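Welcome, and please have your viewer ready. We will go from the whole chain to a few selections, one stop at a time.

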Amino acid sequence: MPYILIAIGVIVLILLVTNIHVVQQSRAFVVERLGAYHTTWGVGPHVKLPIIDRVAKRVSLKEQVVDFAPQPVITKDNVTMQIDTVIYFQIIDPKLYTYGVEHPMSAIENLTATTLRNIIGDLELDQSLTSRDHINTQMRSILDEATDPWGIKVNRVELKNIIPPRDIQDSMEKQMRAERERREAILQAQGQKESQILVAEGEKQSAILRADAAKQAAILEAEGKAEAILKVQQAMADSIKLLNEANPNEQVVKIRALEAFTAAADGKATKIIIPSEIQGLAGLASGLQALMGPDKQ
């Protein structure tokens, strides 16, 4: 009898220990009772009834990432491409996730492929390659709405790779190469243009400087000539002034006039006309020179 009680006690202890569950952070347990949904356990310790209760599903509430294989899609202009997508989702209702759909990941993959084909089918090739943000946003909105009954929230959708056919890739590479060559030619032309502008600007500045130097030289030369003329005129004025201050008599004036005629002739003139009023004075001067003789000169 004591052995039976001990055995019963051990069995009860084992059942109690095996039916205690501790739910970790960011996880949830869906519990069924007699085959029907009973409750959802959150974080902390929980005890279920043996045989009656059953943990139907352990669900992670963290954000999850699924990378789907490339899917063939056809654009509006009949170009077949391979596009693979990445889905970021989070389970927000463990009950709906458990009972809403069979094989949720497969359902999301098929829904993603169908949605992608519908969106790309309305776009041409160039639009598909340049409208990733638009496609991502549109897909996220459609998938999030479609997965609400499954307890799933789609946070983000990204087109990972867009792979066009090989011939299209070759054409795109040629187009990109031509575009790069065009930009290079434009840059070279702009460089040559700027270089020519700089050379012309330098020649212009050089011509301006040369003209300015010639101008300054002409100004200095003119100023020098004007100053020389001014000094000559000033000397003449000073001479006249001194002559007037000396108050010379008529004979001195006539002698000065005679000296001026002599200087004007300078031995080169063949004929000199002397005014009558100084002719007598000239004869007088010649007579005096004869009387004085060569040794008195």
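**The whole protein.** Start with everything shown: buried residues make up 22% of the 297 residues in this protein. Keep in mind as you look around that this is a predicted model. Switch to a cartoon view and you can follow 8 helices and 9 strands. Now turn on the surface. About 21100 Å² is exposed, with carbon and sulfur atoms supplying 58% of that area. If you like contact maps, here is one figure to go with the view: of the contacts between residues at least 6 apart in sequence, 63% join residues at least 24 apart.

**The largest nonpolar core.** Next, select Met81, Ile83, Leu116, Ile135 and Met139. These are the residues with the most contacts inside the largest nonpolar core, which has 29 residues. Color β8 (80-91), α3, α5 (132-146) and β9 (152-163) as well, since each of these elements gives two or more residues to this core. In soluble globular proteins, nonpolar side chains tend to be buried together.

Stay with Met139 for a moment. Which residues does Met139 touch, not counting those up to four places away in sequence? Show Thr85, Thr112, Thr115, Leu116, Ile119, Val157 and Leu159, and you have them.

**The cavity.** A search of the whole structure finds 1 cavity of 30 Å³ or more, and about 30 Å³ of space lies in it. To find the place, select its lining: Phe68, Gln71, Thr85, Glu109, Thr112, Ala113 and Leu116. By class, that lining has 3 nonpolar, 3 polar and 1 charged residues. Helix α3 (residues 104-121) gives the most to the lining, with 4 residues. Two of the names may look familiar: Thr85 and Leu116 line the cavity, and both are touched by Met139.

**The second core and Arg58.** Move on to Val23, Phe29, Trp41 and Val55, which are among the 5 residues of a second, separate core. Then select Arg58, in strand β5 (residues 53-60). Is Arg58 buried, partly exposed or exposed? Arg58 counts as partly exposed because its relative accessibility is 46%, and that class lies between the cut-offs of 20% and 50%.

Draw a distance from Arg58 to Val23: the two are 35 residues apart in sequence, and their C-alpha atoms are 9.2 Å apart in space. Finally, show His21, Arg27, Ala28 and Phe29, the contacts of Arg58 once its neighbours within four places in sequence are left aside. Phe29 thus appears twice at this stop, in contact with Arg58 and as a member of the second core.

Definitions and conventions: Residues numbered from 1 in each chain as written. Predicted model: local features only at pLDDT ≥ 70, side-chain atom pairs only at ≥ 80, totals over all residues. Heavy atoms only, no water. Buried < 20%, exposed > 50% of the residue type's maximum accessible area, 1.4 Å probe, protein only. Contact = heavy atoms within 4.5 Å. Areas by Shrake-Rupley, 256 points an atom, 1.4 Å probe, with all protein chains shown as cover. 1 Å grid on protein atoms, 1.4 Å probe; cavity = no way out; pocket = protein on both sides within 12 Å on 5 of 7 lines; lining within 4 Å. Points joined across faces, edges and corners; volume = space filled by probe spheres on them. Nonpolar A, V, L, I, M, F, W, Y, C, P; charged D, E, K, R; others polar. Core = buried A, V, L, I, M, F, W, Y, C linked by side-chain atoms within 4.5 Å.
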